[in-house]
Amino acid sequence: MIESIKYIIPELFIVLFTLSYLTLSVLSNGKTLVAYSNNISAIFLLLASAIVLTQDISPDPVMNGFYSSNAFTSFFKVLILTLSALILHLSDDYLKKNNLQIFEFPLLANFSIVGMMIIVSANDLLSLYIGIEMQSLSLYILASFSRDNAKSTEAGLKYFILGALSSGLLLYGISLVYGTTGSTQFHLIYDTIMYSDSLLGLQVGMVFIISSIAFKFSAFPFHMWTPDVYEGAPTPVTAFMAVVPKLAIGAMFAKVLFDVFGGIAHNWQLVLVFLSGGSMIVGALGAIAQTNIKRMLAFSSIGHVGFALMGLASVSPEGLSGFIIYLFLYSIMMIGVFAFILNMEKDGVLVTDIYLLAQFSEKRPGVSFALTLLLFSLAGIPPLAGFICKLYVFMATINSGLIYLALVGAIASVIGAFYYLRIVYIIYFMEKETKLDGRMPFTHLCILFLASAAIVIGTYNLLGVEPLTRAAAQSLIY
Amino acid sequence: MVQLYFFYFFSGITVLSAIFVIFANNPVHSVLWLITCFFGVAGFFILLGAEFLALILMIVYVGALAVLFLFVVMMLNISFANLRTGIVQYLPFGLFIGMLILAELLLALVPWEFKDAAFSNSGSPLNLSDSNSVALGKVIYTDYFFIFQAAGIILLIAMIGSIVLTLRKRPNVKRQNVIEQIYRSPNNSIEVIDIKPGEGI
């Protein structure tokens, strides 16, 4: 037991940091600890990602079979920790301006991040459940963080009730799977259900588990909470929810499908096709009518989840690595967009109406150009990186014979391009005086420009991430 | 044989008190009947040899949850007469849900299939002569250490969350400061005013 503790050092590091920071802040009652809490947490998260990079990996499950540590998990953990650090830094200004800054904000985010690391590394349905609860409980609190705002409270309550329902579905599914296979450990379940006809109880349990994960991933038909929660939650929390949990839940989705139910892929392929196709259509059509940029990005994230799931629906190593590449590039584009949205100000108040962006290019041509690149990339316009990752999942889908799904994806991405391009139109051509007058802090500008540079460089070599995703995909498929 | 009589005894208590929960007019009585219902269910657990679950049911459900319900019922000014108004309207849907749950319960009678390997997977690493609590105590800090600690963190998050969302700083509240009270002296708290006869202050 004690020798396998080296596999959870990054998690322990964050938990110990968070607990000691909590104690210090409560006891000292000082202003300094509150004022720097976000940035200090960000630094410690970066340190933790450095620890992950130097960590031992093991081909077998560790911690009594509850945990795993391999190329797949370290890839996602580094990504999660780095992006969370960036978002904590980005949210600092917003919290200060809106008088929301208390030391609990980054600490709750840290706990959520630990939960996501547990999700990514889980090798047992029990640790999976614990990880999901840890990350979503923190997110419920963060969503209703601005407690004097009715919308934020509503978002938190909605998210909490629906999240509790989906946790119930997950537990029910787990109990059915345990009932048929006699184990909750991924590798034991995998071995038990391999090469044999599947049973009814197992299939029902599997569908329940997949539905619950699809809920957390905001995939159709479990997406209803996403627009309301994204709109109501304070913008830094929206940024956090749109970027980081998507990675963790995506990793877990791939892991559950390939590591647990990999032997009965013919049973879940159609479910995935349904989730993926539906999400793409809902994402594309739902966003058209939105004028609130947060709500629009919520629909956009539903659509992107659909495109990413195409990779999983194709049930091939190629599709899996496409899925990972898609999540990676999506998170980079989103963090760039949110670096901008967190600074959309009018007379010192943050706004989210897209029509206020009119003629923004006259005022800040550089920022507008970077944002336009990101939006083009989100729309999947060649040759940007957003197009390349779409190409990966489409190729995988066509190669595994799901041509109709690829067709739905192509149509959805054409429709989806409309609302990204509308923002570009508003920024450059709309005849109206611009209302935005905020100045972006230097580091925020850096994040925005780095993200848009990354998607331009990514067209050439995908930021060198492709071999990593191949290794990650390899460690999932036996 | 004795077990059978106890089974009927506990089932009678559980079913009757569950019916009274629904039909009691006073919500406080409903909660009290609910507690009786929990007692009956705890009896079932004892009969099944799961004494730890019975204890947990007593401590968590009766000790904490039911008392919490009582507090909610008594402290919040909810008009239960208003809650009952739409009952005719909701009755068909409620019956539908009830039938659905009944059908799901009947599904339990369908023979359950499982993989042959399920037996060897689940295994039985525990000493069968141990009581429930001993058996749990043996694994919870060893095999399940990681899960146990993670669950502890979840409870901490819930605590932080309830404080973050409900604690309000009130600057005008007067608090008792014991040290200040002890060091209070007549010099700085009593003022002698010389009042002339026939006049006020």
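In the predicted model, the association of chain B with chain A buries an area of about 2,900 Å², of which carbon and sulfur atoms contribute 76%. Lys115(B), Phe146(B) and Ile157(B) together account for 24% of the area that chain B buries against chain A, more than any other three residues. In terms of contacts, 29 residues of chain B meet 42 residues of chain A. No salt bridges are found across the interface of chain B and chain A, the count being 0, and 2 residue pairs are in polar contact between the two chains, both at pLDDT 80 or more. On the side of chain B that touches chain A, helix H6 (117-122) and helix H8 (145-166) of chain B each supply at least two residues. The largest share of that side, 16 residues, is provided by H8(B).

Aromatic pairing was also examined, and 31 aromatic pairs are counted over all chains. One of them joins Phe217(A) and Phe253(A) in an edge-to-face arrangement, with 5.9 Å centre to centre and 80° between the planes. This pair connects distant parts of the chain, 36 residues apart: Phe217(A) lies in the loop between helix H9 (200-216) and helix H10 (225-232) of chain A, whereas Phe253(A) belongs to helix H11 (residues 235-260) of chain A. Phe217(A) is buried, its relative accessible area being 0%, and Phe253(A) likewise counts as buried at 0% relative accessibility.

Ring pairs further link Tyr140(A), Tyr159(A), Phe160(A), Phe215(A) and Trp225(A) into a cluster. A charge over a ring is found elsewhere: Lys390(A) lies over the face of Phe307(A), 4.5 Å from the ring centre.

Terms used
Residues are numbered from 1 along each chain as its sequence is written. Chains are lettered from A and ligands numbered from 1 in the order in which they are written. This is a predicted model: local features need pLDDT of at least 70, side-chain atom pairs count only at pLDDT 80 or more; totals for chains, interfaces and linings use all residues. Side-chain values use heavy atoms; hydrogens and water are left out. Rings of Phe, Tyr and Trp (its six-membered ring) pair if their centres lie within 6.5 Å; planes under 30 degrees apart count as stacked, over 60 as edge-to-face and the rest as tilted. Helices (H or I, at least four residues) and strands (E, at least two) are DSSP runs, numbered from the N terminus. Buried means under 20% relative accessible area, exposed over 50%, partly exposed in between (1.4 Å probe, protein chains only). A charge sits over a ring if NZ of Lys or CZ of Arg is within 6 Å of the ring centre and within 35 degrees of the ring normal. Contact means heavy atoms within 4.5 Å. Buried area is the accessible area (1.4 Å probe) that two parts lose on being put together, summed over both. A salt bridge is a side-chain nitrogen of Lys or Arg within 4 Å of a carboxyl oxygen of Asp or Glu. A polar contact is a pair of N or O atoms within 3.5 Å; within protein, one must be able to donate a hydrogen and the other to accept it, and residues adjacent in sequence count only if both atoms are side-chain atoms.
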